[in-house]
Amino acid sequence: MLNILVNNFPELMSGLGYTLMSSLIALVGSLIIGTAFALMEISTHRWLSVIGNVYVEVVRNIPLLVITMAFYVIVPQYIAQIDGFTAGTIGLTIYTSAFIAETVRAGIQSVAVGQMEGARSVGMTYTQAMIQIIFPQAFKIVIPPLGNQFINLVKNSSILAFVAGFDLMYQGKIIANATFNTFDTYLAVGVLYLILTMPLSYFMRYLEKKWAVA
Amino acid sequence: MQNFIDAYSQVNLAYLLQGLGVTLEVSLVSIAFSFLIGTLLGVARYVNIKIFSPIVGFIIDLIRNLPLLLILFFTYFALPNIGLRLPVIPASIVAMTVFESAMLAEIVRSGINAVPVGQMEASRSNGLTYTQAMVHIILPQAFKAMIPPIVSQFISLVKDTSLATIILLPELTYHSQIIYGQNSNYMIPMFVALAVLYFVVNYALSLISRLISRRLSSGVR
């Protein structure tokens, strides 16, 4: 295994870089989209909440691979030329945004209703109350599950291997095909994934425990 | 529009449904195995036996933090390297089971944790052994709370079987790829069909889960 790691170090590191980059872009993107849809879900506007709910239910129930492949094969054919990395990252963003929407919605709803009523009755608008009163309180509740979503995102970014996205899994596939040493290669790739996900996962567990008491 | 009508020919639809059959078959077998193994692992981690439980816990954490795709690659491409060659369907089932068992073990453990400690103490003071109390008192109560997370894990499993396309498991996504591979006009119709089929199966599952947990919780009150 060490052999594989040493001989293919640049390729593996570049794969690790693409994996991280794709995960981070998708995290930021899905946080924005997810929060927007969460706000739609809890909106008092009937149509907005219907759209929010339908989006979340539909996206959550379709495999990530199907969403990603749709961008990888349909978009270049009919709309614009995009590469695998872009298609994969867009797929990841959309898929994750549905889960983040659920997390954020649950976080906002767990803040007591009285907070919003209190804020409104001292003269704040809905938007002001949301941003200054509800979000800061929801934030703490939402951080551990969001961290777990990020771990999922890192793992799910292996989907880029399907669409030639140059990520860690893709590099692993290429190295395995070149060296015929599949066992050691995938072991090495596994270790690299664990280096990314394990510390994060233990940190999130620690946060959950620490904040649960408070 | 014509593309849609052509794409959904009887032959193609039958082929898609056949793929859906394999998807469901692999998912069901995997969830059954992982439910058993996951429960054992979850209890093993919960009971806190010296050295043993932390090791089990660490292995569970390792598996949970790996991408399923990697586990799939490992079972199908890497194991033959050390002399263990599995056909596609068993390989998919093994990979899914390994991954899902670890996921379910965590669900089981937190389910057991959610049962009040008094339940165990009361059963022990009534003369039940630890094992009896676990099997007859704690686990039944824990399972009730675990139904929603287990079903959502099952939904992920159904979705995740699509990853086995990469080892050419003849499931739904793979069959659709074969159809649009022959005629690129069928691309959009096929993706629509995929979305609809996966959605119907998974949404039905989540409705069933809601129904069961409502019925169970109405009994307790």
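Student: What share of the contacts in chain B with a separation of 6 or more comes from residues 24 or more positions apart?

Tutor: In this predicted model, residues 24 or more positions apart account for 76% of those contacts in chain B, where two residues are in contact if their C-beta atoms lie within 7 Å.

Student: What makes up the secondary structure of chain B?

Tutor: Chain B comes to 9 helices and 0 strands, and along the sequence its pattern reads α-α-α-α-α-α-α-α-α.

Student: Why is α2(B) called oblique to α5(B)?

Tutor: The axes of helix α2 (residues 10-46) of chain B and helix α5 (residues 88-114) of chain B come within 6 Å and cross at roughly 40 degrees. Angles under 35 degrees count as roughly parallel and those of 65 to 115 as roughly perpendicular, and the angle here is in neither range, so α2(B) is oblique to α5(B).

Student: Is that crossing left-handed or right-handed, and which classes of residue form the contact?

Tutor: The crossing of α2(B) and α5(B) is right-handed, and the residues of their contact divide into 16 nonpolar, 8 polar and 3 charged.

Student: How many residues does each chain bring to the contact between chain B and chain A, and which helix of chain B gives the most?

Tutor: Chain B brings 30 residues and chain A brings 29. On the side of chain B that touches chain A, α3 (52-64), α4 (68-78), α7 (130-160) and α9 (187-220) each supply at least two residues, with α9(B) giving the most, 9 residues. By class, that side of chain B has 21 nonpolar, 7 polar and 2 charged residues.

Methods. Residues are numbered from 1 along each chain as its sequence is written. Chains are lettered from A and ligands numbered from 1 in the order in which they are written. This is a predicted model: local features need pLDDT of at least 70, side-chain atom pairs count only at pLDDT 80 or more; totals for chains, interfaces and linings use all residues. Axes are lines fitted to C-alpha atoms, for helices over the stretch in contact, and angles run from 0 to 180 degrees between N-to-C directions. Helices (H or I, at least four residues) and strands (E, at least two) are DSSP runs, numbered from the N terminus. Angles under 35 degrees count as roughly parallel, over 145 as roughly antiparallel, 65 to 115 as roughly perpendicular and the rest as oblique. A crossing is left-handed if the near helix is turned anticlockwise from the far one by less than a right angle, and right-handed if clockwise. Ala, Val, Leu, Ile, Met, Phe, Trp, Tyr, Cys and Pro count as nonpolar, Asp, Glu, Lys and Arg as charged, and the others, Gly among them, as polar.
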